[in-house]
Amino acid sequence: MSTLKNTDKQYVANTYSRFDLEISHGKGSLAYDYDGKEYIDMGSGIGVTSFGYCDDIWQEAVKEQLAKVQHTSNLFYTSPGAELAKLLCEKTGMDKVFFGNSGAEANECAIKVARKYAAEKKGAEYYNIVTLNNSFHGRTLTTLAATGQDKYHAHFNPLTPGFLYTDANDIPMLEEIIANNKVAGIMIEIVQGEGGVNPLDASYIKAVNDICKENDIVFIIDEVQTGNGRCGELYAYMHFGIEPDVVSTAKGLGGGLPIGACLMSGKVSSVLSYGDHGSTYGANPVCCAGAISIISRIDEKLLSEVKEKSAYIFSELEGAEGIESVSGMGLMIGIKATKPAGEIVNKCIEKGVIPLTAKDKVRLLPALNIPFDLLKKAVQIIKEVCAEG
Ligand SMILES: *Cc1c(COP(=O)(O)O)cnc(C)c1O
């Protein structure tokens with residue numbers, strides 16, 4: 001075994017089962033191992049490196065901020081956090097933003113906002129948050145409770161109380177839960193990412209929006225994975241003409257630096273007041289400078305390229321040999337193959353392509369700006385691997 005693998009196995013907590021690949025460096029959508037072998041990256045570090053590895057424009061923005069001030073804490077004013085919040089609000093119509101460092105933290109903030117809003121408006125007993133079965137909202141004890149998958153809950157009970165689960169796309173089931181419980185908020189992913197790249201039905205998304213409005217329930221959309229251009233709009237909810245009260249995001253926002261954001265609409269934007277929430281690293285200037293660079297570049301031209309590339313992937317893979325179905329939205333794609341997903345990923349890595357898995361699917365989350373020639377090459381290799389008997 002290599003020295004890196006040995007050191008990792010000996011000293012890093014055993015929480016990850018890694019693919020057999022040691023990445024040394026990368027540029028754009030190409031990654032390289034220590035032997036100099038080249039790979040086309042179709043995973044972006046789980047949808048994080050929105051413009052690929054070490055993108056020049058992003059790197060300049062980060063370097064410039066790094067040379068000015070790397071951190072001050074939230075006791076003082078710094079420009080990148082304020083500018084990023086302004087940019088996000090202008091592009092979404094939201095009113096205020098809270099910054100943390102991860103998706104889980106963005107969701108923790110969203111849950112706190114919903115609970116405080118409901119407590120003040122309806123009473124403290126309105127604390128329940130409804131989430132979907134098969135969802136994924138994070139690994140902290142509260143976001144684990146929000147995650148509607150038992151396999152993540154085992155060994156860690158009791159989790160934070162006050163979470164109720166309902167089946168995706170089942171409107172009567174949701175109505176019944178709301179009728180029989182005191183509900184503060186509903187949290188959904190537009191496309192369940194970790195759950196296997198399953199988009200919700202458009203009619204369900206609209207129904208949840210209406211149910212929230214009718215019952216004054218805080219509508220939270222977890223855009224940690226679907227957001228920041230990934231699904232062909234700046235945020236995936238924008239495909240549906242709906243108005244969420246809270247949008248949480250992270251992953252692709254920083255382009256590779258840790259940042260999470262909880263966007264709040266006018267209805268809930270003044271719920272949090274002094275001392276209600278905080279994060280030492282929150283709005284870190286370097287991470288925010290990177291995020292400003294990312295968000296500024298997600299324009300109509302880029303989004304239409306995302307849609308075009310998505311259509312290409314669907315047209316190549318749907319109905320291809322060894323592929324049962326293709327799901328997803330934009331450049332967030334799940335492939336159900338006849339062979340196990342893990343086996344396909346390993347074979348792809350051998351052939352110089354890096355996809356990911358999500359449950360029983362092969363998952364693709366390439367950089368939003370992946371060049372068409374690299375995308376075509378990668379898709380052909382994935383197709384070949386799926387077709388092999
Ligand atoms: C990844 C993910 C999270 C958790 O984000 P972390 O940054 O790992 O805390 C939450 N929600 C969704 C939908 C995710 O995909």
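The following legends describe close-up views of a predicted model.

**View 1. Residues around the ligand.**
The ligand is surrounded by Ser102, Gly103, Ala104, Asn107, Phe136, His137, Gly138, Glu189, Asp222, Val224, Gln225 and Lys251. By class, this shell consists of 3 nonpolar, 6 polar and 3 charged residues. Helix 5, spanning residues 103–121, contributes 3 residues, the largest share of the shell.

**View 2. Polar contacts of the ligand.**
Two backbone contacts involve oxygen atoms of the ligand. In Gly103, a backbone N or O atom lies 2.8 Å from an oxygen atom of the ligand. In Ala104, a backbone N or O atom likewise lies 2.8 Å from an oxygen atom of the ligand. The side chain of Asp222 places an N or O atom 2.7 Å from a nitrogen atom of the ligand. On its own, the ligand has 380 Å² of accessible area, of which the protein covers 81%.

**View 3. The sheet of 7 strands.**
This open sheet has the strand order 4-12-11-10-7-5-6, and its pairing is mixed. Strand 4 (96–100) and strand 6 (163–166) form the edges, each pairing on one side only. On average, neighbouring strands of the sheet are turned by 20° against each other, direction ignored.

**View 4. The pairing of strand 11 with strand 12.**
In general, the strands of a sheet pair through backbone hydrogen bonds, in either a parallel or an antiparallel manner. Strand 11 (residues 246–249) pairs with strand 12 (residues 260–264) in the antiparallel sense, over 4 bridges. Within this pair, Val247 stands opposite Leu263 of strand 12.

**View 5. Helices lying across the sheet of 7 strands.**
Helix 4, residues 79–92, lies across strand 4 and strand 12. The direction of helix 4 is at about 130° to strand 4. Helix 8, residues 171–180, lies across strand 5 (128–132), strand 6 and strand 7 (183–188). With respect to strand 6, helix 8 runs at about 155°.

**View 6. The sheet of 4 strands.**
A further open sheet has the order 1-2-3-15 and mixed pairing. Its edge strands are strand 1 (23–27) and strand 15 (353–354), each of which pairs on one side only. Strand 2 (residues 30–33) and strand 3 (residues 38–41) are joined in the antiparallel sense over 3 bridges. In this pair, Ala31 stands opposite Tyr39 of strand 3.

Note on methods:
Residues are numbered from 1 along each chain as its sequence is written. This is a predicted model: local features need pLDDT of at least 70, side-chain atom pairs count only at pLDDT 80 or more; totals for chains, interfaces and linings use all residues. Side-chain values use heavy atoms; hydrogens and water are left out. A residue is near a molecule or strand if one of its heavy atoms lies within 4 Å of it. A polar contact is a pair of N or O atoms within 3.5 Å; within protein, one must be able to donate a hydrogen and the other to accept it, and residues adjacent in sequence count only if both atoms are side-chain atoms. Accessible areas come from the Shrake-Rupley method with a 1.4 Å probe; for residues, only the protein chains shown count as cover. Helices (H or I, at least four residues) and strands (E, at least two) are DSSP runs, numbered from the N terminus. Ala, Val, Leu, Ile, Met, Phe, Trp, Tyr, Cys and Pro count as nonpolar, Asp, Glu, Lys and Arg as charged, and the others, Gly among them, as polar. Two strands pair if DSSP finds at least two bridges between them. Axes are lines fitted to C-alpha atoms, for helices over the stretch in contact, and angles run from 0 to 180 degrees between N-to-C directions. Contact means heavy atoms within 4.5 Å.
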